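Hi,

Here's the structure I said I'd pass along. Have a look at it first, and my notes on what turned up are underneath.

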Amino acid sequence: MPVAASAIYFLNLRGDVLINRTYRDDVGGNMVDAFRTHIMQTKELGNCPVRQIGGCSFVYMRISNVYIVIVVSSNANVACGFKFVVEAVALFKSYFGGAFDEDAIKNNFVLIYELLDEIMDFGYPQNLSPEILKLYITQEGVRSPFSSKPKDKPVPNATLQVTGAVGWRREGLSYKKNEVFLDIVESVNLLMSSKGNVLRCDVTGKVLMKCFLSGMPDLKLGLNDKIGLEKESEMKSRPAKSGKTIELDDVTFHQCVNLTRFNSEKTVSFVPPDGEFELMKYRITEGVNLPFRVLPTIKELGRTRMEVNVKVKSVFGAKMFALGVVVKIPVPKQTAKTNFQVTTGRAKYNPSIDCLVWKIRKFPGQTESTLSAEIELISTMGEKKSWTRPPIQMEFQVPMFTASGLRVRFLKVWEKSGYNTVEWVRYITKAGSYEIRC
């Protein structure tokens with residue numbers, strides 16, 4: 001169900017109307033007074049972003065020092081309303097040089113009225129793409145003097161992009177060297193018990209692309225996901241190739257991906273936008289390859305001494321290495337003195353976060369490093385409270401390694417002119433929430 005907005009208001013923090021646009025005649029002009037009286041003046045703005053007053057629903061959001069309020073008289077999709085507000089603000093910022101506040105609205109009210117007529121028709125959201133709207137609404141907004149964003153130049157041939165299926169890419173692009181850069185960036189989220197049992201483990205990943213291609217190319221991406229390989233072997237009437245396959249969960253695609261072909265053939269086919277964009281997001285919960293194993297041992301020797309031993313093993317290949325490895329080992333607040341030794345890297349005690357911070361610039365694969373520390377604590381006269389040990393936290397980045405095992409099998413580029421393309425593929429695994437209880 002679409003939003004079906006009856007009116008939209010732009011208010012400042014005092015409740016004054018900066019701009020308003022009425023799309024339907026099923027609400028009165030005093031709706032904004034009801035919003036001021038029953039919501040703004042009662043200090044309930046932060047409690048709930050959706051309120052019902054007198055048979056109408058108010059969907060509102062604060063951006064900078066401006067409240068954007070959508071008035072709806074019937075049942076509507078609230079998520080669609082918030083999505084419309086976010087996309088509309090991004091559109092206004094692209095015209096105003098990156099600023100959206102009360103001054104920007106006052107300086108550009110004529111342009112805003114023109115845009116409001118284009119992006120919503122009879123209360124139903126329409127096209128909000130800045131790239132398309134700038135092709136036929138060429139008026140330049142009054143830009144903020146603090147904005148350093150360069151002006152976007154209008155481009156010709158708007159008809160195909162407004163009415164056709166490829167609204168994210170303009171025609172006539174030309175490059176001397178046609179290149180495609182593809183990055184698979186993954187974050188590992190781990191929670192491990194003190195006994196070494198994995199309590200929670202998953203991987204969230206992104207496929208990022210940067211395309212510098214001439215013309216209107218059609219790209220096809222093949223991954224080693226289980227469903228895609230089974231569909232490919234079924235279409236080719238041959239058994240699937242041996243090798244590791246993975247199951248992707250919660251996959252989200254960019255709007256350029258042909259979902260019809262993906263549903264039927266399980267292939268990622270798309271006409272890419274020009275430049276950098278996020279092709280897809282995914283999550284994996286099964287078969288995760290952890291890049292590191294952490295084995296902590298903490299002994300409390302009476303009330304004034306502790307011994308800490310932490311061993312870190314790299315599980316990835318011997319020819320690979322991790323960069324920027326940081327291990328944060330928590331210690332009690334009453335720590336007075338620390339004395340430690342490390343086999344690799346450097347370590348120090350950081351009293352502001354109550355942790356021993358162990359940094360290793362480069363960690364080769366199939367190796368292990370150890371930290372041993374003696375900690376002296378301040379003796380207190382009061383009753384000793386048991387120390388609840390926070391988990392050990394890790395930060396790292398491992399190039400050319402994926403914890404999920406995701407791999408690019410092929411990246412094909414087809415364009416009617418038949419030019420040659422250079423493809424670059426890179427894998428990066430980082431620590432999301434990597435915690436080990438001790």
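Let's start with S1, where the side chains split into two sets: Ala7, Tyr9 and Leu11 point one way, while Ile8, Phe10 and Asn12 point the other, and all of them are buried. The general pattern behind that is familiar: in a regular strand, side chains alternate between the two faces of the sheet. Before you go further, keep in mind that this is a predicted model.

Why can we call S1 largely enclosed by the rest of the structure? The strand covers residues 7-12, and six of the six are buried, meaning under 20% relative accessible area, so S1 is largely enclosed by what surrounds it.

S1 also has strand partners. It runs antiparallel to S5 (residues 66-72), with six bridges joining the two. S2 (residues 17-22) pairs with S1 as well, again in the antiparallel sense, this time over five bridges. Phe10 is a handy residue to click on here: it stands opposite Ile68 in S5, and its bridge partner in S2 is Ile19. If you're checking backbone torsions, go to the hairpin of S1 and S2, where four residues lie between the strands and Gly15 takes a positive phi near 95 degrees.

Next, the helices. H1 spans residues 31-40, and its buried residues are Met31, Val32, Ala34, Phe35, Ile39 and Met40. Looking down the axis of H1, you'll find these buried residues within an arc of 160 degrees, so they line one face of the helix. What do the buried residues of H1 pack against? The list is S1, S2, S3 (50-53), S4 (56-63) and S5, so try displaying H1 together with those strands.

H4 (residues 109-119) is the other helix I looked at. Leu111, Ile112, Leu115, Leu116 and Ile119 are its buried residues. They cover an arc of only 140 degrees around the axis, which puts them on the same side of H4.

Finally, some totals for the protein chain. Its secondary structure comes to eight helices and 23 strands. There are 438 residues in the chain, and 42% of them are buried. Of the contacts between residues at least 6 apart in sequence, 70% join residues at least 24 apart. The accessible surface is about 23,600 Å², and carbon and sulfur atoms account for 50% of that.

Cheers

Terms used:
Residues are numbered from 1 along each chain as its sequence is written. This is a predicted model: local features need pLDDT of at least 70, side-chain atom pairs count only at pLDDT 80 or more; totals for chains, interfaces and linings use all residues. Side-chain values use heavy atoms; hydrogens and water are left out. Buried means under 20% relative accessible area, exposed over 50%, partly exposed in between (1.4 Å probe, protein chains only). Two strands pair if DSSP finds at least two bridges between them. The arc is that of the directions from the helix axis to the C-beta atoms. Contact means heavy atoms within 4.5 Å. Accessible areas come from the Shrake-Rupley method with a 1.4 Å probe; for residues, only the protein chains shown count as cover.
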